[in-house]
Amino acid sequence: MDKYTNSAWFMRIVAFALAALLFISINFEMESDKKSLGLSTAPEISTETIENVPVEVYYDRENLVVSGVPETVDVTLKGAKSLLINAKNQRDFKVYVDLSDPEISMGNRTVTFKISDLNERLVATVDPEYAEVNVQERVTKEFPVEAEYNNSLLEEGYTADQPTVSPKTVKITGAKDTIDQISYVKANLEISKGLNETVNGKATVKALDRDLNKLDVTIEPASVAVSLKVSIPSKTVSITPKQTGKAKDGIRIKSISVDPNEVTLFGSETSLGKISEVNLPVNISKIDGDTDLELDLTKPESVQKMSLGKAKVKIRTEKVDVDEANVDPVEEEKKPETEQKQEEKVVDKDEPAAIESKTFSNIKIVPVGMKDDQDAELENDVTSITLLGEADDLKKITKEDINLTVDVSNLDEGTHDVELVVNAPEGVTWELESKTASVTITQKDEET
């Protein structure tokens, strides 16, 4: 055995075997490392599609407007799988269209998409491959804004003024061709329920063409304040007490008065025109003497609302003989006419009719006798007047039957307290809220 181990050839063979094993081991480790690093000489090739990649557009934004470029595209990448995975996860490449050439001409053109910051060992395909774009001069123009709303939402009886906007104009920027198409600039006030009160809100501004298609432009400001004043017509009428029932034996009703004696009704002008008074039924069957009541007012069907829901009623009575209080009105009608007249005279003589009152508000004061070269201005051109008289006479009187004037014919320039002149129907007296009115006389400017 020692003979072979000491032999030179034996040592050479062992050394060669060890060298071969070492070479095979090192080469195997290097191949493993290459595969782990993606450096294999025969990498695995794959494809991957990345959807909705944003598109950037490079152009002179101060002077040009570009349209037709899609916001996103799909990009298909081909290459080593490890590189694809990294590109998909990082998405650090860009897709863009370059229109930054200062010599670029206006109009339509076809442009291709470009990719930057992509690993050079990956091959990219963009879908779509190109875009049809339009390049136009950038224009800014000022337009008035028209506010609008759905007027079918107005509740019955209510009316609305024209809506107002603030600011009244906006600046619109876009392609010259698009700006030239603008026919309307609208601010629509969104209302979701019935309109019965004034509305204040914000409304988005839209630019529309003649066919009411929305145009792609920039609007500054994008929204405006809109105010819509909603109101309802009103009319002030008298409250007329109406007796119901029969007075108790020995009780006679001398007078029934109402406070306040007027109520304001709200509704459509057509409905209000048909109403001249509001009746207030007063049941006298349980009245034993002078009585003060508070009764509910009944709203007419065609009226939306009233300023009052209740009114105070003052009933004044007197004690009489039972026979006198219980005169049968049917038998009374059967009496000869001459006898009825004689009894009426006696009643008029012995028991004067009760005096009642009726107040009218906001009576217009009119200056009269004004000189041609002067102007007259009243500090307060309306006032109230209370008429006193018999109930039947007062019932017939309306606001239009009363005229209030001030005579300014002898007044010099300056401010004066002038006595009011009342023109009212005969048979009544009156009390004014103020017996005088403050009038300022000024000289008219001479025409040049």
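So, surface first: this protein exposes about 30,100 Å², and carbon and sulfur atoms supply 47% of that. Keep in mind that we're looking at a predicted model. As for what's tucked away, buried residues make up 30% of the 448 residues in the protein.

If you scroll through the structure, you'll meet 9 helices and 32 strands. And how do the contacts spread along the sequence? Take the contacts between residues at least 6 apart in sequence: 70% of them join residues at least 24 apart.

Okay, let's stay on the surface for a moment and go to helix 2, which covers residues 8–36. Leu21 is found in that helix. Is Leu21 buried or exposed? Its relative accessibility is 57%, so Leu21 counts as exposed. Leu21 also has company out there: together with Phe10, Met11, Val14 and Leu18, Leu21 makes a nonpolar surface patch of about 490 Å².

Now find the sheet I'd like to walk you through. A quick reminder before we do: strands of a sheet pair through backbone hydrogen bonds, and they can do so in a parallel or an antiparallel way. This sheet is an open one with 5 strands, in the order 9-13-14-16-11, and the pairing is mixed. Which strands stand at the edges? Those are strand 9, residues 146–148, and strand 11, residues 164–166; each has a single partner strand, so one side of each is left without a neighbour in the sheet. Neighbouring strands here are turned by 40° against each other on average, if you ignore direction.

Let's zoom in on one pairing. Strand 14, residues 199–208, and strand 16, residues 223–228, pair in the antiparallel sense over 6 bridges. If you want a spot to click on, try Thr204, which stands opposite Ser223 in strand 16.

Next up, salt bridges. How many are there? The count comes to 9 salt bridges. One of them brings us back to our sheet: Lys186 forms a salt bridge with Glu148, and their closest N and O atoms are 3.7 Å apart. Lys186 sits in strand 13, residues 184–188, and Glu148 in strand 9, so this pair ties together parts that are 38 residues apart in sequence. Have a look at how covered the two partners are. Lys186 has 12% relative accessibility, so Lys186 counts as buried. Glu148 has 31%, so that residue counts as partly exposed. There's a third player too, since Glu146, Glu148 and Lys186 are linked in a network of salt bridges.

Further along the chain, there are two more salt bridges to show you. Start with Asp292 and Arg316, where the closest N and O atoms are 3.6 Å apart. This pair links distant parts of the chain: Asp292 is in strand 22, residues 291–296, while Arg316 is in strand 24, residues 310–319, and they're 24 residues apart. Asp292 is exposed, because its relative accessible area is 54%. Arg316, at 27% relative accessibility, counts as partly exposed.

Then there's Lys310, whose side chain meets that of Asp296 in a salt bridge, at 2.4 Å from N to O. Lys310 is in strand 24 and Asp296 in strand 22, with their positions 14 residues apart in the sequence count, so to speak: they are 14 residues apart. Lys310 has 42% relative accessibility, so Lys310 counts as partly exposed.

Methods: Residues numbered from 1 in each chain as written. Predicted model: local features only at pLDDT ≥ 70, side-chain atom pairs only at ≥ 80, totals over all residues. Heavy atoms only, no water. Pairing = 2+ DSSP bridges. Helix = DSSP H or I, 4+ residues; strand = E, 2+ residues; numbered from the N terminus. Axes fitted to C-alpha atoms, helices over the stretch in contact; angles between N-to-C directions. Patch = residues over 30% accessible without salt bridge, like charges linked within 9 Å, V, L, I, M, F, W, Y side chains within 5 Å. Areas by Shrake-Rupley, 256 points an atom, 1.4 Å probe, with all protein chains shown as cover. Salt bridge = Lys/Arg side-chain N within 4 Å of Asp/Glu carboxyl O. Buried < 20%, exposed > 50% of the residue type's maximum accessible area, 1.4 Å probe, protein only. Contact = heavy atoms within 4.5 Å.
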